[in-house]
Amino acid sequence: MRSIWKGAISFGLVSIPIKVVSATESHGVSFRQIHTTDGGRIRYRKVCELDGEEVPSEEIGKAYETVDGSHVEITDDDLAALPLPTAKTVEILGFLPAEDIDPIRLDRSYFLTGDGQSAAKPYVLLREALARSGRVAVAKLALRNRESLGMLRVYQDTLTLHTMLWPDEVRSADGMAPGENVSVRDQELDLADALMETLGELDLDELHDEYREALEAMVDAKEAGEPLPVGAPAPREGKVVDLMSVLENSVQAARQSRGEDDGEAEVHQLPRKKTASQKAAKKAPAKKSAASRKSTAAEKSAAKKTAKKTTAKTTAKTTAKKTAKKTTATKRSPRKSA
């Protein structure tokens, strides 16, 4: 792979000669613009606005446009002579845990390869130090006509550089999220957790660009004069009426797609509104039941009163009998003495 930058990593007093190589590449399908009436290629020509002549690449330079619209020409030699320590050096500023750097700050990725045999020892030293510490290095460097922040980490035994955006290059997210008056219930969160657990396991190496594959298949079919491949119908769009039902169906669909048991998820259904007739029907039995309860209570009260009266009469009779026996015993006692 061709290097796009040569310099050195400055790690304290240690200097590591390196070459920078792009770590990623795009496999997207590119299109050409054509004239639809005759198929002719549409081309862009670089023309000087002063003389109207097309200008070859070797005669095109760079310039900085000032406030009044004039241009100050800047050559490659001017850029190379800038008094910046990062012009040819990846200057390490410090070390941080990787989780302290928000991924939104990351821009492009590059592999760093040692430049020459003398780079091997310090290269491995920095790599092993980063791997053992579990941290990443934050650095500054001048790349592609600008100074950038960079994050150095170990990837597959290779020092890798990720250029980072400056703090003022990340826009504010204020006003992007929904308002604070949106509430989510615990049951909905439980279903969302179940869906995440079902979809959670993923092998990134198995992912591929299906759009590019479908586009290439369509181009091949057109070139061969064959019928175009038919894709799946677009999903029907609709309004979400019951979020709980949608989440439950999503969990079941995910489980079925993975060949898992499609048993119903344990969820709490949203309460449904009752109609006026249903409410009236429910109230009527309630009144009848109340009347029945009152009648039963009255009967019980009457039964208790009757039982009390019966008990009182029985007690009175028993008392009278005892009194009569005592009186009889008293009358007989003097006769025995005489």
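Good morning. I shall begin with helix α3, on the side where Asp-186, Met-196 and Glu-197 are exposed. Please keep in mind throughout that the model on display is a predicted one.

Helix α3 covers residues 186-199, which is 14 residues. From its first C-alpha to its last it reaches 20 Å, close to the 20 Å expected at 1.5 Å a residue. Away from the exposed positions I have just named, Glu-188, Leu-191, Ala-194, Leu-195 and Thr-198 are buried. Viewed down the axis of α3, these buried residues fall within an arc of 120 degrees, so they line one face of the helix. What lies over them? Part of the cover for the buried residues of α3 is provided by α5, residues 243-257.

Let me now step back to the whole chain. It contains 6 helices and 9 strands. Of its 338 residues, 16% are buried. The chain exposes about 27600 Å², and carbon and sulfur atoms supply 53% of that area. If we take the contacts between residues at least 6 apart in sequence, 60% of them join residues at least 24 apart.

I turn next to the strands, starting at β1, residues 5-11. Strand β1 runs antiparallel to β2, residues 14-22, and 7 bridges join the two. Within this pairing, Trp-5 stands opposite Val-20 in β2. The hairpin formed by β1 and β2 has 2 residues between the strands, and there Gly-12 takes a positive phi near 65 degrees.

Strand β1 also pairs with β5, residues 89-97, this time in the parallel sense and over 3 bridges. Here Ile-9 stands opposite Val-90 in β5.

In β5 we also find Leu-93. Is Leu-93 buried, partly exposed or exposed? Its relative accessibility is 49%, and exposed requires over 50%, so Leu-93 counts as partly exposed. Setting aside residues up to four places away in sequence, Leu-93 touches Val-138, Ala-139, Lys-140 and Leu-149. The C-alpha atoms of Leu-93 and Ala-137 are separated by 7.4 Å, with the two residues 44 apart along the chain.

My last region is the loop between β8 and β9, together with β9 itself. Most residues other than glycine have a negative phi. Which residues in this loop have a positive phi without being glycine? One is Gln-156, with a positive phi of about 50 degrees. Another is Asp-157, with a positive phi of about 65 degrees. Gln-156 is placed in the loop between β8, residues 147-155, and β9, and Asp-157 is found in that loop as well. At 64% relative accessibility, Gln-156 counts as exposed; Asp-157, at 55%, also counts as exposed.

Moving on into strand β9, residues 158-164, we come to Thr-160. With a relative accessibility of 3%, Thr-160 counts as buried. The side chain of Thr-160 reaches the backbone oxygen of Thr-158 at 3.2 Å. Leaving out residues up to four places away in sequence, Thr-160 touches Tyr-110, Phe-111, Met-151, Leu-152, Arg-153 and Tyr-155.

To close, I would recall two points. The buried residues of α3 line one face of the helix. Strand β1 is joined to β2 in the antiparallel sense and pairs with β5 in the parallel sense. Thank you for your attention.

Note on methods
Residues numbered from 1 in each chain as written. Predicted model: local features only at pLDDT ≥ 70, side-chain atom pairs only at ≥ 80, totals over all residues. Heavy atoms only, no water. Helix = DSSP H or I, 4+ residues; strand = E, 2+ residues; numbered from the N terminus. Expected span 1.5 Å × (residues − 1). Buried < 20%, exposed > 50% of the residue type's maximum accessible area, 1.4 Å probe, protein only. Arc of directions from axis to C-beta. Contact = heavy atoms within 4.5 Å. Polar contact = N/O pair within 3.5 Å; in protein donor to acceptor, adjacent residues only side chain to side chain. Pairing = 2+ DSSP bridges. Areas by Shrake-Rupley, 256 points an atom, 1.4 Å probe, with all protein chains shown as cover.
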